[in-house]
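Hi,

Here is the structure I said I would pass on. Have a look at it first, and then read my notes underneath.

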Amino acid sequence: MELPSKDKSQLETVVLHPNGGSALIVGNKRFVVSRDILKVTSDYFKTLFDPSKFKEGRDRNIDILLHEDDPEAMEIMLSILHYRHQESYNQLSPEMLLKVAQHCDKYLCTERMQPRAFRWMQHISEDESIQYYENLSKVAHLFKSVDCLIAISTVAIRSLPPHFGAANTEDEIDGLLFPFHEGSSYRIEIDMEIKNRRAEIGQLLESTTTILRNTSSQQLVAPDVYKYNSG
């Protein structure tokens, strides 16, 4: 969709490629992009820029309006795909990381973004909120990383409040540790691997919950949990 020139002047232009002819409009931002880079890194844009299928593929100087996307998350995703890394991208909040993961899933570029995503999920804080671990678990699912999911779940189990196991149903606990079950729109392909390891994580959760229930110490030291070795 071509925008009137007066509307373009009100947008913040972010040049991601000096020779980019096309631009993506997201919210109040206009991203000047390389069609060639996006065709290689994203199956979505590979199809969109196919001249035999869409007008966007035939007109190399078109501005494309993208609906329902987050400008900040799109800037992070597009910048990394164009090798324009910024220092601020090194540490993202779980909320922003989840938005980036969802945009990568939407535009079919999770595989290309996996190396960066794995670095984002390397350091998992303890004693955070349940929402913190739930967001990270969803990110691990979207990037199809079993090892990251196991690491996040392990730290989450150690950090759950003492009443969590007793106050929540098995389905609610599963929702935290294993979001996006079969039939989800995210096309996760790791269900079998998760089922193979579910019993192991369940035993860890049960033993940790038992310890929390049976102690009244305010300075409880949780048992060391091994680092999962996928080999």
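Aspartate 43 sits in helix α3. With a relative accessible area of 47%, aspartate 43 is partly exposed, because that class runs between 20% and 50%. Follow the chain for 65 residues and you come to leucine 108, yet the C-alpha atoms of the two are separated by just 5.5 Å. Once neighbours within four places in sequence are set aside, aspartate 43 has contacts with Tyr107 and Leu108. Do keep in mind that this is a predicted model.

Now the core. The largest nonpolar core is made of 46 residues, and Met77 and Met113 have the most contacts inside it. At least two core residues come from each of β2 (22-26), β3 (29-33), α3 (43-48), α5, α6 (94-106), α7 (110-120), α8 (130-142) and α9. Which helix gives the most to this core? That would be α5, with seven residues. Since residues come from both domain 1 (7-89) and domain 2 (92-163), the core lies between the two.

As for methionine 113, not counting residues up to four places away in sequence, it touches Met77, Ile80, Leu81, Val100, Cys104, Trp120 and Phe143. So Met113 touches Met77, and these two are the residues named above for having the most contacts inside the core.

Back to α5, which covers residues 71-81 and has serine 79 in it. Is serine 79 buried or exposed? Its relative accessibility is 2%, so it counts as buried, the limit being under 20%. A polar atom of the serine 79 side chain lies 2.6 Å from the backbone oxygen of glutamate 75. These two are four places apart, and in an α-helix there are 3.6 residues a turn, so residues three or four places apart point the same way. Beyond its neighbours within four places in sequence, serine 79 is in contact with Leu16, Arg84, His85 and Tyr89.

Last, helix α9. Its 14 residues (146-159) should span 20 Å at 1.5 Å a residue, and the end C-alpha atoms are 20 Å apart, so the two agree. The helix is mostly covered, with eleven of its 14 residues buried; among them are Val146, Leu149, Ile150, Ile152 and Ile157. Polar residues are on that buried list too, including Ser153, Thr154 and Ser159. At the N-terminal end, serine 145 caps α9: one of its side-chain oxygens is 3.1 Å from the backbone nitrogen of cysteine 148.

Cheers

Terms used
Residues are numbered from 1 along each chain as its sequence is written. This is a predicted model: local features need pLDDT of at least 70, side-chain atom pairs count only at pLDDT 80 or more; totals for chains, interfaces and linings use all residues. Side-chain values use heavy atoms; hydrogens and water are left out. Helices (H or I, at least four residues) and strands (E, at least two) are DSSP runs, numbered from the N terminus. The expected span of a helix is 1.5 Å times one less than its number of residues. Buried means under 20% relative accessible area, exposed over 50%, partly exposed in between (1.4 Å probe, protein chains only). A polar contact is a pair of N or O atoms within 3.5 Å; within protein, one must be able to donate a hydrogen and the other to accept it, and residues adjacent in sequence count only if both atoms are side-chain atoms. Contact means heavy atoms within 4.5 Å. A nonpolar core is a set of buried Ala, Val, Leu, Ile, Met, Phe, Trp, Tyr and Cys residues joined through side-chain atoms within 4.5 Å. Domain bounds come from an automatic or database domain assignment.
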